[in-house]
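Let's take a friendly walk through this structure, from its enclosed spaces to its strands, rings and backbone details. Keep the sequence and the 3D view at hand as you read.

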Amino acid sequence: MSMAPLVLSGHLKDLGGGFTVRRLLPAVQCKSVGPFLFFDHFGPVTVQPTDEYDVRPHPHIGLATVTYLFSGAILHRDSLGSVQQIEPGAINWMTAGRGIVHSERRPLALASQSYVNHGIQLWSALPLGQEDCPPSFTHTPASAIAQRSVGDATVRVLIGSAFGVTSPVAAMLPTLYLDVQLPPQGVLELPALAQEMAVYPVDAAVRLDRQPLAEHTMAVLPPAASARLQAGATGARLMVIGGAPLDAPRHMWWNFVSSSKDRIVQAAHDWETDQMGQVPGDTERIPLPSHRFKP
């Protein structure tokens, strides 16, 4: 008898200004899937000109952020001098390494408009030995991401390799990230593409191995398991994440990830004393949380 998947319901998290996300990872029952330690699904939310949804400059260490939009736009700026408008279908990979500061704001061209923001942000661990690598930012446009038909599904291979397609996005650990669209009643036979995999229905419930899986819940599959996915009457969009198991446990506090608790303490001190750099032309900053990290 095969093992049942672990189903995570996640929780809502207010990032400020009424901007709420669904956070599926980390969870008490599951800290990571492949290299992914963090999974936030935001929107769809209609952004009005008066809304204060901008994310002011804040720091990261020891991780890579992976931002993917279904709709809308976000202006990324960082302490390396990168300025990039993030648009639907592109992959934006920011390696924090030894430290980076970035902001995520409303693009100036949309300042007086209403628009819908909808997407997912992941954090990926960095390999042991490269947690303090130089920071970097890479934008891969939507046009560079291959997609193909697999059974009834249309699959975009965002990161990693699947169904004979390899993404141009360079990950630092074995990584799988797929955007799957199923038509009404459509079926995808998902092979064991990675040792660890999870499925997340974005906009409609599906059937996973003939059992119901609600939208906005994450099914973490048993190790090296395949799965049969079927949409209902409206079709469905799903994200598949995965990869090799983490090489060692990670500690997470606020925006910092490391295999070393002392490194997190140092990062908190560096941000508090303004030693982590600045986003050019952006003097705002998010302060450290009042609850401090206890090694």
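## Cavity and pocket

Strands β6 (63–71), β9 (91–95) and β10 each contribute at least two residues to the lining of the largest cavity. Before going on, please keep in mind that this is a predicted model.

How many cavities of 30 Å³ or more does a search of the whole structure find? The search turns up 1. The largest cavity has a volume of about 50 Å³. Its lining is made up of T65, T67, H76, I86, N92, M94, H102, E104, Q121 and F137, so to speak a short list that is easy to select in a viewer.The largest pocket has a volume of about 1,100 Å³. Among the 38 residues that line the largest pocket, L15, R23, D40, V55 and N255 are the closest to its centre. Several strands take part in this lining, and at least two residues come from each of β2 (11–14), β3 (20–25), β4 (36–47), β5 (55–60), β10 (100–105), β11 (115–125) and β25. Strand β10 is therefore worth a second look, as it supplies at least two residues to the lining of the largest cavity and at least two to that of the largest pocket.

## Strand β19 and its partners

Is strand β19 (residues 196–201) largely enclosed or largely open? It is largely enclosed by the rest of the structure, because 5 of its 6 residues are buried.

Strand β19 pairs with two strands that we can take in turn. With strand β24 (residues 236–243), β19 shares 6 bridges, and the two run antiparallel. Within this pairing, Y200 has M239 of β24 as its bridge partner. With strand β22 (residues 218–220), β19 shares 2 bridges, again in an antiparallel arrangement. Here V199 stands opposite A219 of β22. As a general reminder, side chains in a regular strand alternate between the two faces of the sheet.

## Aromatic rings

A search of the whole structure finds 9 aromatic pairs. One of them joins W253 and F293: the ring centres are 6.2 Å apart and the planes meet at 50 degrees, so the pair is tilted. W253 belongs to strand β25 (residues 251–253) and F293 to the segment after α1 (261–272), so this pair ties together parts that are 40 residues apart in sequence. Both W253 and F293 are buried.

Elsewhere, F36, Y68, F70 and Y177 are linked into a cluster by ring pairs. There is also a contact between a charge and a ring: the charged end of R285 sits over the ring of W271, at 3.9 Å from its centre.

## Cysteines

How many disulfides does a search of the whole structure find? The search finds 0. As background, a disulfide is a covalent bond between the sulfur atoms of two cysteines. Two cysteines can be placed by their accessibility. C30 counts as buried because its relative accessibility is 8%. C133 also counts as buried, with a relative accessibility of 14%. The cut-off behind both statements is that buried means under 20%.

## Backbone details

A few backbone features are easiest to compare side by side.

| Site | Feature | Place |
|---|---|---|
| L25 to P26 | cis peptide bond, omega about 0 degrees | P26: loop between β3 and β4 |
| G43 to P44 | cis peptide bond, omega near 0 degrees | P44: strand β4 |
| R210 | positive phi, near 70 degrees | loop between β20 (206–208) and β21 (211–213) |
| H216 | positive phi, near 65 degrees | loop between β21 and β22 |

Both R210 and H216 have a positive phi in a residue other than glycine. R210 counts as exposed because its relative accessibility is 52%. The loop that holds H216 leads to β22, the strand that pairs with β19 through 2 bridges.

## A loop position and a distance

Where is A142 placed? A142 is in the loop between β12 (136–140) and β13 (147–150). At 29% relative accessibility, this residue counts as partly exposed. From A142 to G242 there are 100 residues in sequence, and the two are 21 Å apart in space, C-alpha to C-alpha.

Key: Residues are numbered from 1 along each chain as its sequence is written. This is a predicted model: local features need pLDDT of at least 70, side-chain atom pairs count only at pLDDT 80 or more; totals for chains, interfaces and linings use all residues. Side-chain values use heavy atoms; hydrogens and water are left out. A disulfide is a pair of cysteine sulfur atoms within 2.5 Å. Buried means under 20% relative accessible area, exposed over 50%, partly exposed in between (1.4 Å probe, protein chains only). Helices (H or I, at least four residues) and strands (E, at least two) are DSSP runs, numbered from the N terminus. Two strands pair if DSSP finds at least two bridges between them. Rings of Phe, Tyr and Trp (its six-membered ring) pair if their centres lie within 6.5 Å; planes under 30 degrees apart count as stacked, over 60 as edge-to-face and the rest as tilted. A charge sits over a ring if NZ of Lys or CZ of Arg is within 6 Å of the ring centre and within 35 degrees of the ring normal. On a 1 Å grid over the protein atoms alone, a cavity is a set of points where a 1.4 Å probe fits but cannot get out, and a pocket is an open set with protein on both sides within 12 Å along at least five of seven lines; lining residues have an atom within 4 Å of a point. Grid points are joined across faces, edges and corners, and a volume is the space filled by probe spheres set on the points.
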